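Let's take a friendly walk through a protein together. Have the sequence and the 3D view ready, and follow along one stop at a time.

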Amino acid sequence: MTRWYSERKNEYFYKEAKRDGYRSRSAFKLIQIQKRFRILKQGNIVIDLGAAPGGWSQVAKEIVGEKGTVLGIDLSPIQPIRGITFLQGDIAKESSLQELIQSMEEKKADAVLSDMSPNISGNYSVDHARSIFLCEQALITASTFLKSGGKFLCKVFEGEELPRFMNEIKNKFGSVKKFTPPASRKSSSEIYIIAKSFKHSI
Ligand SMILES: C[S@@+](CC[C@H](N)C(=O)[O-])C[C@H]1O[C@@H](n2cnc3c(N)ncnc32)[C@H](O)[C@@H]1O
């Protein structure tokens, strides 16, 4: 894909997001992942990590419907959306995990999603290491809240630690795949890991 085409494509998804009322162009990534992997269903309980400004949560809520639950958390505050609960906190902190536990009221989740990104330094290996750290936190959260058979979707920046992290996920889930949605920037090293059939709870 040429740079020109790639930039037009990014602009395209940005405009589409605005037109469709989504808060982020990332919303299209979840729509494309959902189309291919069917990770969310009506009535599901979903935790959205790194939810700001709320695009994924909007898409998730559309899919799970009135009877479903979406609980989002981010370092940044998120403007309210009817029917969605947002928390502000750092998922790497024990206090945030405790807040999530309280909000879940002993319920288990059908899916844990993470679109978390670190602050980008521009140094490939630093950014990769930070991304893996966030993915590890997301996996801890998924292991804490998922029902047996539950699903985990996680964004990661590619790099040398990825095979090890993939193995960690494979130990906990029956099926694990990698996917780059068309709405991802061509220049980005991000990929999405789609894990299904959570094997056990801790
Ligand atoms: C690409 S954005 C998410 C976009 C979102 N999925 C959407 O569609 O609107 C990544 C988010 O990860 C959040 N994030 C990064 N580190 C985090 C952490 N430790 N705890 C919670 N959120 C974090 C950032 O604040 C940022 O809002």
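Helices and strands here are DSSP runs, numbered from the N terminus. Keep in mind that this is a predicted model.

Our opening stop is the largest pocket, which holds about 640 Å³ of space. Which residues lie closest to its centre? They are Asp 74, Asp 115, Met 116, Ser 117 and Pro 118, out of 31 residues that line this pocket. Several elements help to build the lining: helix H2 (26-37), helix H3, strand E2 (69-74) and helix H5 (124-145) each supply at least two residues. The largest share comes from H5, with three residues. In character, the lining of the largest pocket is a mixture of twelve nonpolar, nine polar and ten charged residues.

Now look at H3, one of those contributors to the lining. This helix covers residues 55-64 and is mostly covered itself, with eight of its ten residues buried. Among the buried ones are Gly 55, Trp 56, Lys 61 and Val 64. Just after H3 comes Gly 65, which has a positive phi, near 75°.

For the last stop, find Ser 184 in the loop between strand E6 (173-179) and strand E7 (190-198). Is Ser 184 buried or exposed? Its relative accessible area is 4%, so Ser 184 is buried, since the cut-off for buried is under 20%. Its side chain also has a partner: a polar contact of 2.7 Å joins the side chains of Ser 184 and Glu 190.

Definitions and conventions:
Residues are numbered from 1 along each chain as its sequence is written. This is a predicted model: local features need pLDDT of at least 70, side-chain atom pairs count only at pLDDT 80 or more; totals for chains, interfaces and linings use all residues. Side-chain values use heavy atoms; hydrogens and water are left out. Buried means under 20% relative accessible area, exposed over 50%, partly exposed in between (1.4 Å probe, protein chains only). Helices (H or I, at least four residues) and strands (E, at least two) are DSSP runs, numbered from the N terminus. On a 1 Å grid over the protein atoms alone, a cavity is a set of points where a 1.4 Å probe fits but cannot get out, and a pocket is an open set with protein on both sides within 12 Å along at least five of seven lines; lining residues have an atom within 4 Å of a point. Grid points are joined across faces, edges and corners, and a volume is the space filled by probe spheres set on the points. Ala, Val, Leu, Ile, Met, Phe, Trp, Tyr, Cys and Pro count as nonpolar, Asp, Glu, Lys and Arg as charged, and the others, Gly among them, as polar. A polar contact is a pair of N or O atoms within 3.5 Å; within protein, one must be able to donate a hydrogen and the other to accept it, and residues adjacent in sequence count only if both atoms are side-chain atoms.
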